Amino acid sequence: MKIRPIKIKAKDGKPPRFPVKEALAKVRKLIYRGNKVECPCCNKTFSLFLYSPYMSALCPYCLSFERYRLLCKYLRDETDFGSRQIRLLDIAPTWCFQEFCRSFELVDYVSIDISSPIAMRKMDICNLTFEDESFDCIICYHVLEHIKDDRKALSEIYRVMRKGGWGIIQVPIHIEKTVERRELSKEEAKEICKFPSHLRAYGRDFKQILEGAGFQVEVSDFVKKFSEDEIKRFGLDRSEELYICKK
Ligand SMILES: [Zn+2]
């Protein structure tokens, strides 16, 4: 049985609150107090990042992991995020990124997921019930590899993005050319797709896949600007590139 977190729905359109998560985060912040590492999501410092068998380092407070810390660092350092009113759609939300968005008064945050109790609305990425051009910014992190019809999902993201809007759409990339799980033998799929729930393995042609949906795409090596010490301080993954999609 899955334990669902205790959730308090906000009436004013703000994201829900999770009082137990928040209380535990405060306890961990106290235990791991210090100034050796810094989380760009919650903007707090600690003595260390926590070890996780799946991701190498979790923030003791907001439980962010590498790719979310890179995203928040990018938004803080390289964009005007939070300095003007935007409506943002977060697909398959995480608590760390929800709370990051909550910290900006001008970010009108909406999250969806097919099943996650964190999400504000239950919705299928291939059948978004939003009007055309509803969002200024869309974040879709490591979702498409789980979606049978990823092209339909991308066309939906494109449809609900405003002209002049932008988003960051990330998938795990380990190979040169994208391949579908159904085209592989069982052994190949295990090797190439890595996780049983990944329906395909994306390659470096992911940029063309995004362009095929209509986006103008910039592949940013933002992470390369950090020194070795900064990579350790912010707990970033050197190999992660950002796929910035504009409409
Ligand atoms: Zn954090």
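Here are three short exercises on this structure, each with a worked solution.

Before you start, residues are numbered from 1 along each chain as its sequence is written. The model is predicted: local features need pLDDT of at least 70 and side-chain atom pairs count only at pLDDT 80 or more, while totals for chains, interfaces and linings use all residues.

**Exercise 1.** Work out how compact the protein chain is for its length.

*Solution.* Start with the parts: the protein chain has seven helices and twelve strands (DSSP runs, H or I of at least four residues for helices and E of at least two for strands, numbered from the N terminus). Next, take the radius of gyration over C-alpha atoms, and the globule rule, 2.2 Å times the number of residues to the power 0.38. The radius is 18 Å, close to the 18 Å the rule gives for 247 residues, so the chain is as compact as a globular protein of that length.

**Exercise 2.** Find out whether isoleucine 175 is buried or exposed, and what it touches.

*Solution.* First, place isoleucine 175: it sits in strand 8 (residues 173-175). Now count neighbours: 20 or more other C-beta atoms within 10 Å means buried, 12 or fewer exposed, and in between partly exposed, with C-beta atoms placed from the backbone. Isoleucine 175 has 14, so it's partly exposed. Contacts need C-beta atoms, placed from the backbone, within 7 Å. Leaving out residues up to four places away in sequence, isoleucine 175 touches Ile192, Ala201 and Gly203.

**Exercise 3.** Identify what covers the buried residues of helix 2.

*Solution.* Begin with the buried residues of helix 2, among them Tyr68, Leu71 and Leu75. Their cover includes strand 1 (37-39), helix 3 (95-102), strand 7 (161-170) and helix 7 (228-234).

Methods. Two residues are in contact if their C-beta atoms, placed from the backbone, lie within 7 Å.
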